[in-house]
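Work through the exercises below with the coordinates open. Try each task before reading its solution.

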Amino acid sequence: MPIIDSHIHIDTRPYEDFEKLAINLDCAITMAHDPLKPYSMDIIRAHFDKILYNEVQKANKIGLKLFVCLGIHPRMIPADVNYNILKEYLKNKDIVGVGEIGLEKCTKEEIEVFENQLIMAKELNLPAVVHTPRTNKYETTKTILEVIEGLNLNNNENIIIEHCTKETIKMIYDTNLKMGLTVQPQKLTPLDVVDIVKQYGGERFLLNSDSSSAPSDILGAPKTVLKMKINNIDKEIIEMISYNNAKEVFKLNI
Ligand SMILES: [Zn+2]
């Protein structure tokens, strides 16, 4: 069964994990994040360059198909934030979306940067990958939905709300937005995904491991696919959440 891990941070992982992904998955999508203190926009550029050039090249060499989303993470906002620089990067051929963006503490500055990037994603016809935090997840997800609604993007099928839980799915389900299911220690277990899929079906969900420098399971996606098979989830539904939905929303050429 084909598998895409729709959200990882490959630049935080060792060479051996590139190999594990290449062996066990068909493709992965890597996102910008917060690797260093955002002293200036130059730090962001160096981060983007590393992902877009070094990591993609490393992945290609080892046989891992890797796509890239770039954006300014809410924990990575520099004082001299420059949207023109971001826009230039987003024109690269390996870019499939804007991410990850979103809110962490819901400050005025975070909301402004989030809004600007949502608008940019829409203008460039790219999907947007939206981070929700571990702390105050319910309240912050609510604010994120309000910001999206304020921009009239509530029906936008190209927005993915990430790291959803059983609690937050209920409120996101009333929109047309997509939902990322993250299988990671301290987030969802493969069995949580089985429960969610049994209740909601697979139509708007994307599976991922969000593998980063935090506790992660690089094989979270294939392990969840196996758990879904064992628990008799329809093949069609498994394929939707582990492959087809990501392929469609990110318009992947695979
Ligand atoms: Zn992430």
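A salt bridge here is a side-chain nitrogen of Lys or Arg within 4 Å of a carboxyl oxygen of Asp or Glu. The model is predicted.

**Exercise 1. Salt bridges**

Task: Find which residues are linked with Asp17 in a network of salt bridges, then give the total count of salt bridges.

Solution.
- Step 1. Side chains of opposite charge can pair when their charged atoms come close.
- Step 2. Apply the 4 Å cut-off. Arg13, Asp17 and Lys20 come out linked in a network.
- Step 3. Count over the model. The total is 15 salt bridges.

**Exercise 2. Burial of the partners**

Task: For the pairs lysine 50 with glutamate 55 and lysine 93 with aspartate 94, give the N to O distance and classify each partner as buried, partly exposed or exposed.

Solution.
- Step 1. Take lysine 50 and glutamate 55. Their side chains meet at 3.8 Å, N to O.
- Step 2. Lysine 50 has 36% relative accessibility, so it is partly exposed. Glutamate 55 has a relative accessible area of 2%, so it is buried.
- Step 3. Take lysine 93 and aspartate 94. The closest N and O atoms are 3.3 Å apart.
- Step 4. Lysine 93 reaches 73% relative accessibility and therefore counts as exposed. Aspartate 94 has 17%, and under 20% means buried.

**Exercise 3. The zinc site**

Task: Name the protein donors of the zinc ion, and decide whether the site is tetrahedral or irregular.

Solution.
- Step 1. List the donors. They are His7 (NE2), His9 (NE2), Glu100 (OE) and Asp210 (OD). Their distances from the zinc ion run from 2.0 to 2.3 Å.
- Step 2. Read the angles. Among the four donor atoms they span 82 to 172°.
- Step 3. Test the geometry. A tetrahedral site needs all angles between 85 and 135 degrees. The zinc site is irregular.
- Step 4. Write the spacing of the donor residues in sequence: H-x1-H-x90-E-x109-D.
- Step 5. Place two of the donors. Histidine 7 is in strand β1 (residues 4–8). Aspartate 210 is in the loop between β8 (205–208) and α8 (220–230). The pair links distant parts of the chain, 203 residues apart.
- Step 6. Check burial. Histidine 7 is buried because its relative accessibility is 0%. Aspartate 210 is buried too, at 6%.

**Exercise 4. A second role for a zinc donor**

Task: Which lysine forms a salt bridge with aspartate 210, and which parts does the pair tie together?

Solution.
- Step 1. The partner is lysine 187, with the closest N and O atoms 2.9 Å apart.
- Step 2. Lysine 187 lies in the loop between β7 (178–182) and α7 (190–200), and aspartate 210 in the loop between β8 and α8, so the pair ties together parts 23 residues apart in sequence.
- Step 3. Lysine 187 is partly exposed, because its relative accessibility is 23%.

**Exercise 5. Aromatic pairs**

Task: Give the number of aromatic pairs. Then classify phenylalanine 48 with tyrosine 89 and tyrosine 173 with tyrosine 200.

Solution.
- Step 1. The count comes to three aromatic pairs.
- Step 2. For phenylalanine 48 and tyrosine 89, the ring centres are 5.2 Å apart and the planes meet at 75°, so the pair is edge-to-face.
- Step 3. Phenylalanine 48 sits in helix α2 (residues 41–62) and tyrosine 89 in helix α3 (residues 83–89), so the pair ties together parts 41 residues apart in sequence. Both phenylalanine 48 and tyrosine 89 are buried.
- Step 4. Tyrosine 173 and tyrosine 200 form a tilted pair, 4.9 Å centre to centre with 40° between the planes.
- Step 5. Tyrosine 173 lies in the loop between α6 (166–172) and β7, and tyrosine 200 in helix α7, so this pair ties together parts 27 residues apart in sequence.
- Step 6. Tyrosine 173 is partly exposed at 29% relative accessibility. Tyrosine 200 is buried at 18%.
- Step 7. Extend the group. Tyr173, Tyr200 and Phe205 form one aromatic cluster. Arginine 204 lies over the face of tyrosine 173, at 4.7 Å from the ring centre.

**Exercise 6. Contacts**

Task: Where is histidine 47 found, and with which residues is it in contact, leaving aside its neighbours within four places in sequence?

Solution.
- Step 1. Histidine 47 is in helix α2. It counts as buried, at 6% relative accessibility.
- Step 2. Beyond those neighbours, histidine 47 is in contact with Asp11, Ala32, His33 and Pro35.

Notes
Residues numbered from 1 in each chain as written. Predicted model: local features only at pLDDT ≥ 70, side-chain atom pairs only at ≥ 80, totals over all residues. Heavy atoms only, no water. Donors = N, O, S within 2.8 Å, 3.2 Å for Na, K, Ca; no water. Tetrahedral: all angles 85-135°; square planar, octahedral: opposite > 155°, others 65-115°. Helix = DSSP H or I, 4+ residues; strand = E, 2+ residues; numbered from the N terminus. Buried < 20%, exposed > 50% of the residue type's maximum accessible area, 1.4 Å probe, protein only. Phe/Tyr/Trp six-rings, centres within 6.5 Å; stacked < 30°, edge-to-face > 60°. Lys NZ or Arg CZ within 6 Å of the ring centre and 35° of its normal. Contact = heavy atoms within 4.5 Å.
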